[in-house]
Amino acid sequence: MKKRLGLLLVAAGLLSSTTLYAQDKLVVGTNPAYPPFEYKGENNELLGFDIDLMNEVCNVLEKECVYSEQEFDALIPNLRLRRYDAVISGMDITEERAKQLAFSDPYYQNYSIYITTKDKADQIKDVADAKIGVLSGSTHQQYIRDTYKGANVSVYPQYPAAMSDLTIGRVDVVFGDGEVVNDYMKENDNFTMVGEKVTDPKYFGQGLGIGVGKRNTKLLDQINEALKEVKESGKYDEIYNKWFEQQ
């Protein structure tokens, strides 16, 4: 009896510890390969617009943000396995993704662009005929797949690999998030935009959102209220200007 009671007390202690952890911390999945949204600094610290915004959301919720780094196409599957509470990673709100998770109110209106190298810019008359690089599991991959049937597409786990192949000519263009790709153009004078901005609402027009489990309505409501407070306080504008207006 004493042994059983001891086991019950240990189990209760573990349960209490788990509950306390959930109350004090918010575990957030992210893929830090999308500057200026999320990336690793010189000291391996997480930086970016999404990180600053999520930290501010956690401040409002009086929780500590704890980040779990994942490949982009693993973020949603691992969220569904409840390996973290939320995801933020420059993720477009789409109907397809909304079948798997619940999104917060949009916190950023996104757009997408194609970039190439300057020596190829005049040669590309139609991106449908080009070798196109996109990120695995991204809305850009889905857009190209749906829009250009039979296109020659190379898929990458992260932007640096795609940009490297663009530089050496393995792909002709890279299609990606506007602000992210603009960041690469600022760092490399040999990159240039080709074609028009893409803002198709089916893929990109709903904006970026923070994702949570579909049944976690309580956390979703809390995050939406926190986002509202961050915007009303002026903190959102401060974070936005830090990462975009001054670039």
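Helices here are DSSP runs of H or I with at least four residues, numbered from the N terminus. Keep in mind that the model is predicted.

**Close-up A. Helix H5 and the second largest pocket.** H5, which spans residues 139-147, joins H3 and helix H4 (95-98) in giving at least two residues each to the lining of this pocket. The largest share is from H5, with five residues. The pocket holds a volume of about 420 Å³. Its lining runs to 22 residues, and Thr-94, Glu-96, Arg-97, Thr-139 and Gln-142 sit closest to the centre. Sorted by class, that lining has eight charged, seven polar and seven nonpolar residues. Both domain 1 (25-109 + 206-245) and domain 2 (112-198) chip in, with at least three residues from each.

**Close-up B. The largest pocket.** Here we look into about 600 Å³ of space. Of the 18 residues around the largest pocket, Arg-82, Asp-85, Gly-213, Asn-216 and Leu-219 are nearest its centre. Strand S1 (25-30), helix H3 (75-80) and H8 each put in at least two lining residues, and H8 has the largest share with three. Charged residues number eight in this lining, next to six nonpolar and four polar ones.

**Close-up C. Helix H2 against helix H8.** H8, already seen in the lining of the largest pocket, also packs on H2. The two helices cover residues 49-61 (H2) and 217-232 (H8), and they cross at an angle of about 105° with axes 9 Å apart. Angles of 65 to 115 degrees count as roughly perpendicular, so that is the label for this pair. On the H2 side, the contact is made by Leu-53, Glu-56, Val-57, Val-60 and Leu-61; on the H8 side, by Gln-222, Ile-223, Ala-226, Leu-227, Glu-229 and Val-230. That gives eight nonpolar residues, two charged and one polar in the contact of H2 with H8.

**Close-up D. The largest cavity.** Searching the whole structure turns up one cavity of 30 Å³ or more. The largest cavity has a volume of about 60 Å³. Around it are Tyr-34, Phe-72, Gly-90, Met-91, Asp-92, Arg-97, Leu-135, Ser-138, Thr-139, His-140, Tyr-159 and Asp-177. Five of these lining residues are nonpolar, four polar and three charged. Domain 1 (25-109 + 206-245) and domain 2 (112-198) each supply at least three of them. Two names return from Close-up A: Arg-97 and Thr-139 line this cavity and are also among the residues closest to the centre of the second largest pocket.

Conventions
Residues numbered from 1 in each chain as written. Predicted model: local features only at pLDDT ≥ 70, side-chain atom pairs only at ≥ 80, totals over all residues. Heavy atoms only, no water. Axes fitted to C-alpha atoms, helices over the stretch in contact; angles between N-to-C directions. Parallel < 35°, antiparallel > 145°, perpendicular 65-115°, else oblique. Contact = heavy atoms within 4.5 Å. Nonpolar A, V, L, I, M, F, W, Y, C, P; charged D, E, K, R; others polar. 1 Å grid on protein atoms, 1.4 Å probe; cavity = no way out; pocket = protein on both sides within 12 Å on 5 of 7 lines; lining within 4 Å. Points joined across faces, edges and corners; volume = space filled by probe spheres on them. Domains from an automatic or database assignment.
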